[in-house]
Amino acid sequence: MTYIGKGSGKGTAMTKPLRREDRRLDAAAAMALLKRGEYGILSTSDKNNRPYGIPVNYVVMEESIFFHCATEGQKLENITANQGVSFCVVGKTELIPEKFSTRYESVVVTGNAEVIDDQVLKKNALRSLVAKYAPEHIVAGDAYIDKLMDQTTVVRVSIDHLAGKARK
């Protein structure tokens with residue numbers, strides 16, 4: 001994983017230095033926000049390079065982002081056509097009307113997405129999702145996973161670049 005730092009620009013959109021360095025989150029704070037986020041927006045592009053963004057529940061595990069979905073659909077078609085993705089999480093926000101602004105915290109990840117075929121990793125990711133979103137239902141979650149695992153796809157997004165920003 002590479003944390004986008006000051007002066008690391010190589011001319012591409014995701015590696016340019018932040019315009020507002022004073023709002024940068026350090027790597028630990030950016031990762032903490034990513035881990036605690038409720039949902040993220042997965043951005044993909046199709047074979048014609050048309051963008052597609054969709055909110056997904058997710059979990060951070062093994063320095064990657066994991067989410068589940070159906071066994072077919074636009075997300076999977078796009079990931080098959082182009083594994084490069086972006087993932088954005090917005091944490092706490094608060095409008096500041098008198099300043100025509102917003103307090104916010106956000107993190108953006110770029111990486112590659114892949115469908116997980118390994119059944120052990122797939123089950124571990126699904127269990128981690130249950131632990132994050134329904135911690136009081138672990139036993140029922142395991143039964144649910146066993147029942148529907150063949151009807152569920154799990155996708156891993158590598159965290160190749162991570163950048164966080166906040167206005168406090």
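User: Contact means heavy atoms within 4.5 Å. Leaving aside its neighbours within four places in sequence, which residues is Ile 65 in contact with?
Analyst: This is a predicted model, in which local features need pLDDT of at least 70 and side-chain atom pairs count only at pLDDT 80 or more, while totals for chains, interfaces and linings use all residues. Residues are numbered from 1 along each chain as its sequence is written, and side-chain values use heavy atoms, without hydrogens and water. With neighbours within four places set aside, the partners of Ile 65 are Leu 34, Tyr 58, Val 59, Val 60, Phe 87, Val 109, Val 155, Arg 156, Val 157 and Ile 159.

User: Which element gives the most to the largest nonpolar core?
Analyst: A nonpolar core joins buried (under 20% relative accessible area, 1.4 Å probe, protein chains only) Ala, Val, Leu, Ile, Met, Phe, Trp, Tyr and Cys residues through side-chain atoms within 4.5 Å. The largest has 25 residues, and Leu 34, Tyr 58, Ile 65, Phe 67, Phe 87, Ile 159 and Leu 162 touch the most other members. Elements (DSSP runs: helices H or I, at least four residues; strands E, at least two) that each supply at least two core residues include β6 (64-69) and β7 (84-96). The greatest contribution, four residues, comes from α1.

User: How many residues are in the second, separate core?
Analyst: Among its members are Val 59, Met 61, Ala 125 and Ile 145. Val 59 is also one of the contacts of Ile 65, a residue of the largest core. The size of the second core is 12 residues.

Definitions and conventions: Buried < 20%, exposed > 50% of the residue type's maximum accessible area, 1.4 Å probe, protein only.
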